[in-house]
Amino acid sequence: MKIRKWLATTVILTVVGATAAGCTGGNTGTTPGTGTEGGEKSAAPKQEITLNFRTEPGAMDVSKSTQVAAFTVMNAVSEGLYRLNKDGKAEPGLAKDMPKISEDGKTYTIQLKDNLVYSDGQPVKAEDFVYSYQRTLDPSTKALYAFMVAWVKGGADVQKAKTPQELEAAKKALGVKALDDKTVEITLERPIPFFTEQLSFLQFFPQRKDIVEKYGDKNGGDAESAIGPGPFKLAQWDHEQQLVLVKNDKYWDKDKVKLEKITLNIVKDENTGLNLFQTGATQLQNITRESINQWEGKPEFVLQPELSSWYIKMSQDNVPAFKNKKVRQALALAIDSKAFIETVTGKGPVPATGFVPNGTSDGNGGEFRKKAGDLRPKFDPAKAKQLLQEGLKELGVAQLPKFKLQADDNGVGPKSVEFILAQWKQNLGVDAIGEPVPHKLRVDNENNHKYEASLSGWSADYNDPMTFLEMFVTGNEFNDAGWSNAEYDKLIKGAQVEMDKAKRSQLMVDGEKILMEEMPLIPNYFRSLSWLKDPKLQGVVFPPYALEYELKWAYVK
């Protein structure tokens with residue numbers, strides 16, 4: 001998610017504002033102790049904010065959640081052993097100190113802080129991490145992020161267990177142990193240099209067995225069951241309308257949490273959200289094309305570079321014509337990504353030059369995109385027509401069957417569909433049907449392979465190309481396009497175990513070359529988000545991946 005350069009380490013943009021108006025609660029915007037008219041001193045501003053939230057988040061389930069919207073809220077109500085600070089560095093969260101790592105780089109021994117409790121007062125125990133990892137890996141949970149927890153030694157054995165006896169044995173052998181109530185030991189299958197940072201990611205958060213068993217399939221589906229040991233508590237959740245967070249006075253670092261209340265109003269329409277921002281009813285609003293031109297350069301404008309790639313997935317299982325490489329290539333070459341940005345998103349995003357976005361580390365001290373170069377074929381309508389005709393001839397059909405292109409029904413989703421369909425019609429004579437749907441439904445359709453084509457996006461879970469490239473390995477939980485390539489699998493799986501950083505980097509470059517030649521997905525743009533933020537709202541961190549924003553250190557000035 002970036003315009004700047006991110007090398008081996010991730011940089012997070014911390015927003016620092018100037019002065020303006022608009023915070024709720026009758027705030028004057030003056031700092032404590034400054035004078036007002038008549039010589040009186042103003043009261044400290046009320047630490048309550050209202051933010052526009054772009055979509056309804058899915059259930060706050062550590063094992064099952066896959067949405068950035070859910071990650072953002074869960075990061076507020078819970079916490080891992082470590083938390084990324086304002087500079088993107090891992091610092092102790094629930095952990096007492098940084099991990100003790102064995103000489104071979106595989107075993108992490110971590111002490112918990114004293115007197116840690118969840119928001120309901122129950123103690124946080126080392127066993128909660130053991131249960132969390134086991135639950136995520138359990139095949140019956142159907143956790144799409146299980147592959148990441150499978151980095152833990154024996155994780156794949158838990159995933160492959162066929163009988164209750166095999167499952168129980170595999171869980172007991174899993175490389176995460178509670179040495180006592182306050183000591184967690186994690187043993188990995190192989191050294192992972194960024195694993196400490198990864199322990200700040202959602203899927204490594206603790207889970208309470210009693211809560212999960214009490215709520216079952218509804219776990220994390222409402223405020224009552226979304227319990228964590230984080231900076232805030234989810235006090236209210238009116239689905240499709242509003243979420244309310246309040247300060248968690250039981251949080252170990254509560255003295256650094258200034259906000260007392262955060263109201264997240266679900267506002268999908270940008271114009272509505274912009275009006276709310278301009279009238280002072282909200283302190284944060286995401287903006288796109290026309291609004292960016294209006295607000296860029298003003299104190300309220302914030303650009304959030306991301307490690308985020310947006311693309312079109314084509315389901316080869318649901319549309320057999322997509323199994324033809326030339327058809328896929330034709331659809332790709334018929335889209336003018338530069339014109340897309342000018343027409344749909346406005347400034348910020350840049351045309352995709354591959355699948356892995358700008359700013360991603362190559363794992364060897366450099367930047368992947370610079371090493372790999374421009375691999376996405378450029379806009380070429382004439383070549384696209386030629387490829388389509390050749391592909392249709394190979395398929396033995398006269399024209400491409402009509403198919404549906406789904407996208408989010410909020411933000412730039414509807415305009416994106418309109419533009420892409422027009423490009424295909426104008427440059428190829430291909431008719432497709434636009435299908436904007438709620439964000440959660442779009443994600444669910446993809447996860448359940450219930451789509452034909454989908455305008456999708458992927459934000460990094462860690463700063464390494466593998467977070468993007470492993471998605472299209474045969475059998476990966478997120479490979480819902482039905483594409484499989486033996487040479488690609490060999491390269492990416494080889495990179496997963498290669499210890500030589502230079503060789504590993506080259507294996508991933510070679511893998512992306514195959515991905516861009518085969519084109520099971522059409523990279524469209526690398527995203528950057530643009531926001532309007534009330535400058536009196538200080539300390540908000542806009543990370544380049546995993547979250548929309550971090551509110552632990554936010555406050556009203």
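How much space lies in the largest cavity? In this predicted model, the answer is about 760 Å³. A search of the whole structure turns up five cavities of 30 Å³ or more, and it is helpful to begin with the largest. Its lining is made up of 48 residues, and those nearest the centre of the largest cavity are Trp310, Asp408, His439, Arg442 and Arg527. Several helices and strands give two or more residues each to this lining: the helices are α1 (68-77), α14 (413-428) and α15 (439-447), while the strands are β12 (284-287), β13 (301-314), β15 (403-408), β17 (453-459) and β18 (521-533). Sorted by class, the lining of the largest cavity holds 20 nonpolar, 18 polar and 10 charged residues.

The second largest cavity comes next, with about 260 Å³ of space. Here 23 residues form the lining, and Asn75, Leu84, Ser200, Ala546 and Leu547 lie nearest the centre. At least two lining residues of the second largest cavity come from each of α1, β3 (82-84) and α6. Of the elements, β3 gives the most to this lining, namely three residues. The class division for the second largest cavity is 13 nonpolar, five polar and five charged residues. Helix α1 thus appears in the linings of both the largest cavity and the second largest cavity.

Attention now turns to the open spaces. The largest pocket contains about 680 Å³ of space. Its lining counts 31 residues, with Ile192, Pro193, Phe194, Gly363 and Asp464 nearest the centre of the pocket. Two or more of the lining residues come from each of α6 (195-198), α17 (486-497) and α18 (501-518). Helix α6 is also a contributor to the lining of the second largest cavity. In the pocket lining, 12 residues are nonpolar, 11 are polar and eight are charged.

Two of the helices that line the pocket, α17 and α18, also pack against each other, with their axes 8 Å apart and at an angle of about 155 degrees. Because angles over 145 degrees count as roughly antiparallel, α17 is roughly antiparallel to α18. The crossing of this helix pair is left-handed. On the α17 side, the contact involves Glu487, Tyr488, Leu491, Ile492, Gly494 and Ala495; these meet Arg504, Leu507, Met508, Asp510, Gly511, Glu512, Ile514 and Leu515 of α18. The residues of this contact comprise eight nonpolar, two polar and four charged.

Conventions
Residues are numbered from 1 along each chain as its sequence is written. This is a predicted model: local features need pLDDT of at least 70, side-chain atom pairs count only at pLDDT 80 or more; totals for chains, interfaces and linings use all residues. Side-chain values use heavy atoms; hydrogens and water are left out. On a 1 Å grid over the protein atoms alone, a cavity is a set of points where a 1.4 Å probe fits but cannot get out, and a pocket is an open set with protein on both sides within 12 Å along at least five of seven lines; lining residues have an atom within 4 Å of a point. Grid points are joined across faces, edges and corners, and a volume is the space filled by probe spheres set on the points. Helices (H or I, at least four residues) and strands (E, at least two) are DSSP runs, numbered from the N terminus. Ala, Val, Leu, Ile, Met, Phe, Trp, Tyr, Cys and Pro count as nonpolar, Asp, Glu, Lys and Arg as charged, and the others, Gly among them, as polar. Axes are lines fitted to C-alpha atoms, for helices over the stretch in contact, and angles run from 0 to 180 degrees between N-to-C directions. Angles under 35 degrees count as roughly parallel, over 145 as roughly antiparallel, 65 to 115 as roughly perpendicular and the rest as oblique. A crossing is left-handed if the near helix is turned anticlockwise from the far one by less than a right angle, and right-handed if clockwise. Contact means heavy atoms within 4.5 Å.
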